[in-house]
Amino acid sequence: MPTTALKFAIPADAERIICRYRTCEFSTLAKNGTPITRPMGARWLADGRFLLTTSIGMPQKAFHIRRDPKVSLLFSEPMGSGIARPGAVLVRGNAVCDDRIVSDSSSVPELEDYLRENIFARQPAGRMMSSLVGRLLAPSYYMRLLIYVTPVRMDYWPDRNFAAAPEKIEVDRVG
Amino acid sequence: MWARAARDLAAYREAVVNAVDGEDYPLSVRQTAPVLDPATGTMPVAIPGALGAVAGPASVLAHFHDAKLWKLRAMLIKGRLERRGDHWIFVATEYIPPPGPFAVIARARKATAKYLATRRPRPEVAFDVIQRIWIDAANVEDP
């Protein structure tokens, strides 16, 4: 949980949604402005930024971010989270994705945390990607590009009435 | 023209409509019981005014994973958001059905080769680290 170092307040239920939902719907902008959205795992860091990663075998979102840093993350799929009263959180922000391929996951502490807690512990069947078959089929799966998102605006639905106006969470400068 | 997109979308109980706000940030709102008209490619969507969505490029994502983050599937319809009276309408402009697993692997291998084409030395994955993280992950309580 990142709240100890956060510079803005967030409802406890909204924090649970961000930290426990297995995926968010992550949008980047294509060259023609179309939002291209994919389900991805995201980790909320202690400084308020979000960490996501992509394999160099699927680099399109990285290319999008390098051209236009504006992105959004919607945490709205409660499957597997164990949250009894699911709602949703929308995060809009600015992303960076350096052209640095991380192939040693221990070289970036928050990446190791992300893999251990957000991906591996939640997706046990994913271990096949590091098996001999997985390495042969997708040798670049663990060659990761890191995406850091600094939020500029957050909105929170306390329940699943998405047609209702969400509560705005005041976001101070983070990162 | 949009029969395949409508049929594929019908396999999902919910979807997410993605648009852009007045400051050019993307935004998303979950939709329940999404229905795409197979003849016109249109779908009414609910987007609270407080989010500041504007007419323009848009998309619809539907995806699924089980409680163990497996059985992954997803589809994306590209289009635009239009204001008609007091309502928002999503209008499809492009739908490419999701590729099968072998096509995904082939594309990833091609993209990888392109990404690494000018890089020497080629990165080597530290699989010993990956295996250690997998062992540590088994001890994560209440993930």
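A crossing of two helices counts as left-handed if the near helix is turned anticlockwise from the far one by less than a right angle, and as right-handed if the turn is clockwise. Keep that in mind for the helix pair below, and remember throughout that this is a predicted model.

**Where the chains meet**

Let's start with the contact between the two chains. Chain A brings 55 residues to it and chain B brings 50 residues. On the side of chain A that touches chain B, the elements giving two or more residues are β1 (24-29), β2 (35-40), β5 (70-75), β6 (88-96) and α3 (109-120). Which of these gives the most? That is α3(A), with five residues. Sorted by class, this side of chain A holds 27 nonpolar, 17 polar and 11 charged residues.

**The helix pair**

Two packed helices are described by the angle between their axes and the distance between the axes. Here, α3(A) packs with α3 of chain B (residues 127-137) at an angle of about 50 degrees, and the axes are 9 Å apart. Angles under 35 degrees count as roughly parallel and those from 65 to 115 as roughly perpendicular, so α3(A) and α3(B) are oblique to each other. By the definition at the top, the crossing of α3(A) and α3(B) is right-handed.

If you would like to find this spot in the structure, look in α3(A) for A:E112, A:L115, A:R116 and A:F120, which meet B:I133, B:W134, B:D136 and B:A137 of α3(B). The residues of this helix-to-helix contact comprise five nonpolar, no polar and three charged.

**Strand β1 of chain A**

Now to β1(A), another of the elements on the side of chain A that touches chain B. Is β1(A) largely enclosed or open? Six of its six residues are buried, so β1(A) is largely enclosed by the rest of the structure. Both of its faces are covered: A:C24, A:F26 and A:T28 are buried on one side, and A:E25, A:S27 and A:L29 are buried on the other.

The pairings of β1(A) are set out here.

| Pair | Bridges | Direction | Bridge partners |
|---|---|---|---|
| β1(A) and β2(A) | six bridges | antiparallel | A:L29 with A:P35 |
| β1(A) and β5(A) | three bridges | antiparallel | A:F26 with A:L73 |

One more detail belongs to the hairpin of β1(A) and β2(A). Five residues lie between its strands, and in this hairpin A:G33 takes a positive phi near 90 degrees.

Terms used:
Residues are numbered from 1 along each chain as its sequence is written. Chains are lettered from A and ligands numbered from 1 in the order in which they are written. This is a predicted model: local features need pLDDT of at least 70, side-chain atom pairs count only at pLDDT 80 or more; totals for chains, interfaces and linings use all residues. Two residues are in contact if their C-beta atoms, placed from the backbone, lie within 7 Å. Helices (H or I, at least four residues) and strands (E, at least two) are DSSP runs, numbered from the N terminus. Ala, Val, Leu, Ile, Met, Phe, Trp, Tyr, Cys and Pro count as nonpolar, Asp, Glu, Lys and Arg as charged, and the others, Gly among them, as polar. A residue is buried if 20 or more other C-beta atoms lie within 10 Å of its own, exposed if 12 or fewer, and partly exposed in between; C-beta atoms are placed from the backbone. Two strands pair if DSSP finds at least two bridges between them. Axes are lines fitted to C-alpha atoms, for helices over the stretch in contact, and angles run from 0 to 180 degrees between N-to-C directions. Angles under 35 degrees count as roughly parallel, over 145 as roughly antiparallel, 65 to 115 as roughly perpendicular and the rest as oblique.
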